[in-house]
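This report describes selected features of one protein model, with attention to its pockets, its cavities and several local details of the backbone. Please consult the sequence and the structure while reading.

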Amino acid sequence: MTKFITAKEAARLLLPGATVFIQAANGEPTDLTAAIAEDDQSGHSVHFTAIMLPGVNHTDPASLGVDAKAISFFITPETSRSFKDGKTSFIPLSYSGITRYFSDYDGFDFALIQVSPPDADGNCSLGSSVDFVPLILSKSKTLIAEINEAMPHLPGSPTILLNSINYAVKTDHPLAGFAEPAVNEDQNAIGRLVADLVSDGATIETGIGKLPTMVLKALGSKNDLGVHSGMVSDAMADLISSGVINGTRKNIDTGKVVTGVALGSTRLHEFIRGRDDILFRPASYTHNPDILKQNDTFVAINSVIEIDLFGQINGETIGGKQVGGQGGLADFMKGAKLAKYGRSIVVLPASAAKGTVSKIVPKLDVVTCPRSDVDYVVTEHGVADIRYKNPDDRTASLIDIAAPEFRDELKAAWKTWRSD
């Protein structure tokens with residue numbers, strides 16, 4: 001039987017030495033994490049595990065209590081200090097790797113999650129934030145849930161019986177998210193170039209941020225697109241509304257959008273409420289290359305931080321500093337490579353820091369994805385098709401789409417490498 005308590009009472013259940021999973025993305029139970037942080041009797045020497053997303057989640061689990069520690073699969077601006085101090089342990093795994101990690105893990109003493117209010121049958125929905133929660137439920141001794149009025153009870157999302165929740169805290173607060181990135185259509189060269197690589201009927205995946213939004217904004221003239229992605233966004237909702245995304249040509253989950261979480265504005269959360277054509281599924285399904293490849297025309301479209309002249313991808317560090325994590329990048333790229341007519345597309349601006357830094361570099365220090373998984377690279381200067389090219393030819397293609405002021409420098413670097 002569920003016991004209803006306050007957030008402060010829930011926080012004090014976490015005794016020293018306890019292992020605690022905290023749900024993240026738009027399902028972060030922020031009243032619970034705030035209560036732990038504000039109560040000087042809570043969180044002491046607790047070992048937290050969470051998948052806090054940069055730009056979405058602003059909690060540093062390692063700072064929730066004296067001598068608390070955390071395991072993380074992303075580094076965010078909020079967790080960078082505890083990571084530097086050794087209180088947060090970063091594990092570089094993709095989402096499919098995290099799924100395996102949790103499957104092999106002995107289990108948690110507590111799981112802090114967020115669900116919708118129960119329906120007439122006593123079922124709470126995981127709503128628009130599923131990803132790892134179904135797996136965690138079977139791995140946790142004690143379940144503490146925020147029952148949030150703002151979390152929608154969705155027809156296409158897994159449910160959990162209210163009676164299987166040990167402790168519940170009634171809440172009503174906005175879901176974690178962010179405003180839709182502004183996109184200047186007149187300057188959307190990258191979006192238009194990527195749109196030319198996406199055929200009618202393709203099943204697409206996109207990530208988070210301005211560049212994926214630019215791509216989605218440029219797909220308005222396409223027909224019968226499908227979606228199998230880690231997330232849905234405001235821009236994706238617009239394409240569903242217009243009929244561009246309808247999934248009618250998908251090989252599996254035909255007519256359905258498949259995703260793990262909804263990340264965006266309050267408008268997005270209102271849009272998905274009550275829809276039965278959007279299926280929220282765990283990461284074991286959304287990020288499984290063996291599932292992804294079943295959609296013959298699966299197209300993975302992801303923004304990255306850097307690419308080197310070998311075609312290797314960095315999606316998680318800047319200047320040698322960890323600023324993110326692998327996320328689903330490697331999983332979706334692998335799925336696209338395995339699909340019959342799949343395409344793996346990476347997008348990035350040619351330069352950064354007001355044109356003083358090239359995003360195409362001679363050689364990476366940290367490699368998130370191998371060169372063998374990259375098909376197309378797109379910057380505002382063009383498209384490099386490097387699928388079946390030898391190192392010299394793929395280097396030439398990449399230099400052609402680099403910022404012009406760095407091309408001679410890149411050519412010289414490649415010439416030096418070839419002569420060594």
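Which elements each supply at least two residues of the lining of the second largest pocket? The model examined here is predicted, and the account begins with that pocket.

## The second largest pocket

The elements in question are α6 (189–195) and α7, each of which supplies at least two residues of the lining. The largest share comes from α7, with three residues. The space in this second largest pocket amounts to about 170 Å³.

The lining consists of Val183, Asn184, Gln187, Asn188, Ala189, Ile190, Lys210, Leu211, Met214, Pro349 and Glu380. By class, these residues comprise six nonpolar, three polar and two charged.

## The largest pocket

The volume of the largest pocket is about 900 Å³. Its lining is made up of 40 residues, and those nearest the centre are Phe74, Ile208, Ser303, Gly315 and Gly325. Two or more lining residues come from each of β11 (203–206), α7, α10 (283–286), β17 (298–303) and α12 (329–338).

Helix α7 also gives the most to this lining, again with three residues. The classes represented in the lining of the largest pocket are 18 nonpolar, 16 polar and six charged residues.

## Enclosed cavities

How many cavities of 30 Å³ or more does a search of the whole structure find? The search finds three. The largest cavity has a volume of about 80 Å³. It is lined by 14 residues, of which Phe178, Pro181, Gly209, Thr213 and Ser233 are the closest to its centre. Both α7 (210–217) and α8 (234–242) supply at least two residues of this lining, and α7 gives the most, with three residues. The lining of the largest cavity contains eight nonpolar, four polar and two charged residues. Helix α7 thus recurs in the linings described so far: it gives three residues to the largest cavity, three to the largest pocket and three to the second largest pocket.

The second largest cavity holds about 60 Å³ of space. Its lining is formed by Phe21, Ile22, Gln23, Ala24, Ala25, Ile51, Leu53, Tyr95, Asp131 and Phe132. Eight of these residues are nonpolar, one is polar and one is charged.

## The eight-stranded sheet

An open sheet is formed by eight strands in the order β1-β10-β8-β6-β2-β3-β4-β5, with parallel pairing. Its edge strands, β1 (3–4) and β5 (88–90), each pair on one side only. In general, the strands of a sheet pair through backbone hydrogen bonds, either parallel or antiparallel.

Within this sheet, strand β2 (residues 19–22) pairs with strand β6 (residues 108–115) in the parallel sense, over three bridges. Phe21 stands opposite Ala111 of β6. Phe21 also belongs to the lining of the second largest cavity.

## Helix α13 and its surroundings

Which residues of helix α13 (residues 391–400) are buried? They are Arg394, Thr395, Ser397, Leu398 and Ile399. These buried residues pack against four strands and a helix, namely β18 (306–308), β25 (360–361), β26 (376–379), β27 (382–385) and α14 (407–419). An α-helix has 3.6 residues a turn, so residues three or four places apart point the same way.

At the start of α13, a polar contact links a side chain to the backbone: a side-chain oxygen of Asn390 comes to within 3.1 Å of the backbone nitrogen of Asp392.

## Positive phi values in the β23–β24 loop

The loop between β23 (351–352) and β24 (357–358) contains Ala353, and Lys354 lies in that loop as well. Ala353 has a phi near 50°, a positive value in a residue other than glycine. For Lys354, phi is near 55°, which is likewise positive in a residue other than glycine.

Are these residues buried, partly exposed or exposed? Ala353 counts as partly exposed because its relative accessibility is 48%, and the exposed class begins over 50%. Lys354 has a relative accessible area of 88% and is therefore exposed.

Definitions and conventions: Residues are numbered from 1 along each chain as its sequence is written. This is a predicted model: local features need pLDDT of at least 70, side-chain atom pairs count only at pLDDT 80 or more; totals for chains, interfaces and linings use all residues. Side-chain values use heavy atoms; hydrogens and water are left out. On a 1 Å grid over the protein atoms alone, a cavity is a set of points where a 1.4 Å probe fits but cannot get out, and a pocket is an open set with protein on both sides within 12 Å along at least five of seven lines; lining residues have an atom within 4 Å of a point. Grid points are joined across faces, edges and corners, and a volume is the space filled by probe spheres set on the points. Ala, Val, Leu, Ile, Met, Phe, Trp, Tyr, Cys and Pro count as nonpolar, Asp, Glu, Lys and Arg as charged, and the others, Gly among them, as polar. Buried means under 20% relative accessible area, exposed over 50%, partly exposed in between (1.4 Å probe, protein chains only). Contact means heavy atoms within 4.5 Å. A polar contact is a pair of N or O atoms within 3.5 Å; within protein, one must be able to donate a hydrogen and the other to accept it, and residues adjacent in sequence count only if both atoms are side-chain atoms. Two strands pair if DSSP finds at least two bridges between them.
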